[in-house]
Amino acid sequence: MTKTGSLKTSSRPWWYVRSWPAPSRSRPAFQLTTSQSHQEEALAVALRRAGGVVSWVLPGDGKPTSARQEFYGPEVAEVFRTSGGSGPLVGRRWPQFTVDGGGDLLVEKEAASAFFPGLCPLPGLLAARGIDSVVVCGVVTDVCVAGPARDAFTLGLRVIVAADGTAAGSNEIHNAAPRTLYRSSGDVRPTAEILNLVRAGR
């Protein structure tokens, strides 16, 4: 997709949110504001109505690699390993989001990017559904949004990042990632523009 292009494709649109697990004492750091969560919910509703696929992606609890343990140290590596919580996936996403149990996808990933080959079932699930365009939202902007946006683009998907549907630890970091993505891996638009494209069937 070019910067002046539309969301029109040969297949259904698809929306992806990297939904940080419900907060706890060990996971309080990154939380979407009310405005950002409303943006994501609005995108999910609009894309379902348009026949798109909504996917919720959470960190898996696989054993960290020796490289991760060496880099982070055992304690921090364990925090990352358990950051996705435990139990059924539907109960582990932010409670303000609505999940359509009959149509939404809920998957775990074992890397920052849900599109990194072999570490998340998402690419195969989307390919089986004929999806060729993605809208990426969630937290954190510079890691779990930027990572899958780049990898999805590398795999040949059209990518749009919802600029106001993401969050990071600071405004500086949050604003830097979309600038880089816009120049190299896809489009970056406010949610209102994406909704207009979806509702117009473009």
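Before you click on anything, one definition: a residue is called buried when its relative accessible area is under 20%, exposed when that area is over 50%, and partly exposed in between (1.4 Å probe, protein chains only). You are looking at a predicted model, in which local features need pLDDT of at least 70 and side-chain atom pairs count only at pLDDT 80 or more, while totals for chains, interfaces and linings use all residues. Residues are numbered from 1 along each chain as its sequence is written, and side-chain values use heavy atoms, with hydrogens and water left out.

**Stop 1: a salt bridge**

Select Asp104, which is buried, with a relative accessible area of 9%. Now add Arg48, which is partly exposed at 21%. The two form a salt bridge (a side-chain nitrogen of Lys or Arg within 4 Å of a carboxyl oxygen of Asp or Glu). Their closest N and O atoms are 2.7 Å apart. Why is this pair worth a look? Arg48 sits in helix 1 (residues 34–49) and Asp104 in the loop between helix 3 and strand 3, so the bridge ties together parts that are 56 residues apart in sequence. Helices (H or I, at least four residues) and strands (E, at least two) are DSSP runs, numbered from the N terminus.

**Stop 2: strand 3 and its neighbour**

Next, select residues 105–109, which make up strand 3. Which of its side chains are buried? Leu105, Val107 and Lys109 point to one face and are buried, whereas Leu106 and Glu108 point to the other and are not. Add residues 53–59 to see strand 2, which runs parallel to strand 3 and is joined to it by five bridges. Strands count as paired if DSSP finds at least two bridges between them. To find one of these links, pick Pro59, whose bridge partner in strand 3 is Lys109.

**Stop 3: the cores**

A nonpolar core is a set of buried Ala, Val, Leu, Ile, Met, Phe, Trp, Tyr and Cys residues joined through side-chain atoms within 4.5 Å. The largest one here has 21 residues, and those with the most contacts inside it are Phe115, Leu122, Val134, Val136, Val159 and Val161. At least two residues each come from strand 2, strand 3, helix 4 (122–128), strand 4 (133–139), helix 5 (141–154) and strand 5 (158–167). Helix 5 gives the most to this core, with four residues. Zoom in on Val159: leaving aside residues up to four places away in sequence, its contacts (heavy atoms within 4.5 Å) include Val134, Val136, Ala149 and Phe153.

**Stop 4: helix 3**

Select Arg81 and Glu78, another salt-bridge pair, with closest N and O atoms 2.7 Å apart. Being three residues apart in helix 3, they are separated by about one helical turn. Arg81 is partly exposed at 24% relative accessibility, and Glu78 is partly exposed at 34%.

**Stop 5: a small network**

Finish with Glu193 and Arg189, whose side chains meet in a salt bridge (3.3 Å, N to O). Are these two buried or partly exposed? Glu193 is partly exposed at 37% relative accessibility, while Arg189 is buried at 11%. Add Asp187 to the selection: salt bridges that share partners join Asp187, Arg189 and Glu193 into one network. The whole structure holds five salt bridges.
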